[in-house]
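Colleague: Before I rely on the descriptive terms used for this chain, I should like to hear how each one is justified. Please show the structure, and then let us take the terms in turn.

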Amino acid sequence: MSRNILTIRILLILTILATSLIGTTVFAQSGTVVRVDPVNVSAQVNDNFTVAIKVDNVTNLTAAELHLSFNPAVLEVVGTSNGGFIAADFLAQNLFDNVAGTVDYAVAQMNRPAAQGSGILLNIVFKARGNGISSIALRSTQAVPSGLILSDQNGAAIQASWTNGNANVGNTTPPTATPVTPTPATPTPVTPTSASPTPVTPTPTTPAGGTLGTHVVRWGETLYCIGRAYGVSPYAIASSNGIWWPYVIFPSQSLTIPNVVWSPIPTGPVCPKQFTATASGTATPVPTSVTPTPTGTATPVPPSGCRATYTVVAGDNLFRIGLRYGVSYTEIARVNNIPNPRLIFVGQQLCIP
């Protein structure tokens with residue numbers, strides 16, 4: 001009898017392993033891939049050529065950020081242009097440095113359906129500067145350790161793998177391009193080494209349409225819930241205030257709210273308004289209301305669509321909070337627009353769906 005049980009258990013384990021392997025293979029074949037096209041280019045000194053940064057098999061793509069490196073002794077960038085797969089409604093960054101050998105590009109589209117399928121994110125025109133081989137690869141930055149971010153209309157990262165390209169100037173034998181391990185959907189920050197390029201600090205910009213007012217960040221608020229409150233694009237709020245992806249904001253931080261309409265607005269949490277813009281351009285503060293407790297502290301009232309509001313304490317994580325309320329930690333992250341489910345803050349207020 002015990003031998004039969006042992007045999008059954010072995011068969012179950014083998015079945016689970018086979019299913020796991022099959023699932024892994026399917027994912028590898030159908031996952032989102034960002035790649036250099038063509039993967040190998042041959043040129044002679046002073047030749048110009050264009051490579052495209054393409055994305056394949058993506059869904060709900062609204063924004064992309066790329067940080068690339070190349071060998072400046074072999075190549076130089078002549079120019080870059082949007083590939084058209086994502087409309088350049090909000091061009092957060094479009095820089096190249098022929099001394100450091102870097103390209104930095106970040107773009108988001110607004111008021112349009114999310115991109116689906118495959119297409120070109122960026123076109124880069126190179127000039128062959130000297131004989132040799134240069135890879136066209138991702139590079140780590142302080143803000144984007146993986147060098148690549150794709151995100152949907154809610155600012156959630158889309159997992160993708162990357163394949164390097166190679167430029168061969170002078171008929172040198174090129175290396176074989178190999179796929180890179182998929183980048184995590186929520187990259188973990190790393191401390192840049194002396195060899196890492198200096199991250200670019202975004203400069204706040206003044207929107208052409210002017211500003212509506214100032215919003216002071218409260219615990220648990222995100223650019224997306226603030227954007228929903230005023231009907232203003234969160235990308236424009238980020239640009240106006242010099243905030244870089246992943247759009248981390250802090251309590252008591254004052255944000256200038258630009259007059260940039262966000263439409264259509266995806267569903268999600270809505271922050272309480274702090275002002276109402278008038279036709280004359282002045283902002284009228286909105287009174288805040290709280291329910292006092294006998295001790296005089298304020299009890300948060302759950303927003304519409306939330307069955308509870310939870311305030312994060314030391315030692316908390318979304319997984320434990322989810323167990324407490326019987327809801328998936330990923331659902332809590334989605335509802336609260338938390339791009340990294342492992343990163344929450346003491347005092348942060350969470351909507352429990």
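The exchange below sets values from the model against the criteria behind the terms.

Modeller: Please bear in mind that this is a predicted model. The secondary structure of the chain comprises 5 helices and 21 strands, and 41% of its 353 residues count as buried.

Colleague: How do you know that Cys225 and Cys271 form a disulfide?

Modeller: The criterion is a pair of cysteine sulfur atoms within 2.5 Å. The sulfur atoms of Cys225 and Cys271 are 1.6 Å apart, so the pair meets the criterion for a disulfide. Cys225 belongs to helix 2 (residues 223–230) and Cys271 to the loop between strand 15 (254–258) and strand 16 (275–277), so the bond ties together parts that are 46 residues apart in sequence. Both Cys225 and Cys271 are buried.

Colleague: What makes the disulfide of Cys306 and Cys351 left-handed?

Modeller: The torsion about the S-S bond is about -105°, so this disulfide is left-handed. The pair links distant parts of the chain, with Cys306 in the loop between strand 19 (298–299) and strand 20 (308–311) and Cys351 in strand 21, 45 residues apart. Their sulfur atoms lie 1.8 Å from each other, and both cysteines are buried. The structure holds 2 disulfides, and with the bonded cysteines numbered in sequence order the pairing is 1-2, 3-4.

Colleague: Why is Ser239 called buried?

Modeller: Buried means under 20% relative accessible area. Ser239 has 19%, and is therefore classed as buried. Ser239 lies in helix 3 (residues 234–240). Its C-alpha is 7.0 Å from that of Ala92, although the two residues are 147 apart in sequence.

Colleague: Why is Asn46 called exposed, and why is Asn57 called partly exposed?

Modeller: The term exposed requires over 50% relative accessible area, and partly exposed covers the range between buried and exposed. Asn46 has a value of 55% and therefore counts as exposed. Asn57, at 38%, is therefore partly exposed. Asn46 is placed in the loop between strand 2 and strand 3 (48–61), whereas Asn57 is in strand 3. Phi is positive in each of these non-glycine residues, near 80° for Asn46 and near 60° for Asn57. Most residues other than glycine have a negative phi.

Colleague: What makes the peptide bonds before Pro38 and Pro264 noteworthy here?

Modeller: Both are cis: omega is about 0° for the bond joining Asp37 and Pro38, and about -5° for the bond joining Ser263 and Pro264. Most peptide bonds are trans. Pro38 lies in the loop between strand 1 (33–37) and strand 2 (40–43), and Pro264 in the loop between strand 15 and strand 16.

Colleague: How do you know that Leu343 may belong to a nonpolar surface patch?

Modeller: Members of a patch need over 30% relative accessible area. Leu343 is at 41%, which also makes it partly exposed. Together with Trp219 and Phe345, Leu343 makes a patch of about 270 Å². Leu343 sits in the loop between helix 5 (329–335) and strand 21 (349–352).

Colleague: Which residues touch the most other members of the largest nonpolar core?

Modeller: They are Val34, Ile53, Leu61, Leu121, Phe126 and Leu150, in a core of 37 residues. A second, separate core of 16 residues includes Val217, Leu223, Tyr230 and Ile243.

Definitions and conventions
Residues are numbered from 1 along each chain as its sequence is written. This is a predicted model: local features need pLDDT of at least 70, side-chain atom pairs count only at pLDDT 80 or more; totals for chains, interfaces and linings use all residues. Side-chain values use heavy atoms; hydrogens and water are left out. Patches are made of residues with over 30% relative accessible area and no salt bridge: like charges are joined within 9 Å, nonpolar side chains (Val, Leu, Ile, Met, Phe, Trp, Tyr) within 5 Å. Accessible areas come from the Shrake-Rupley method with a 1.4 Å probe; for residues, only the protein chains shown count as cover. A salt bridge is a side-chain nitrogen of Lys or Arg within 4 Å of a carboxyl oxygen of Asp or Glu. Helices (H or I, at least four residues) and strands (E, at least two) are DSSP runs, numbered from the N terminus. Buried means under 20% relative accessible area, exposed over 50%, partly exposed in between (1.4 Å probe, protein chains only). A nonpolar core is a set of buried Ala, Val, Leu, Ile, Met, Phe, Trp, Tyr and Cys residues joined through side-chain atoms within 4.5 Å.
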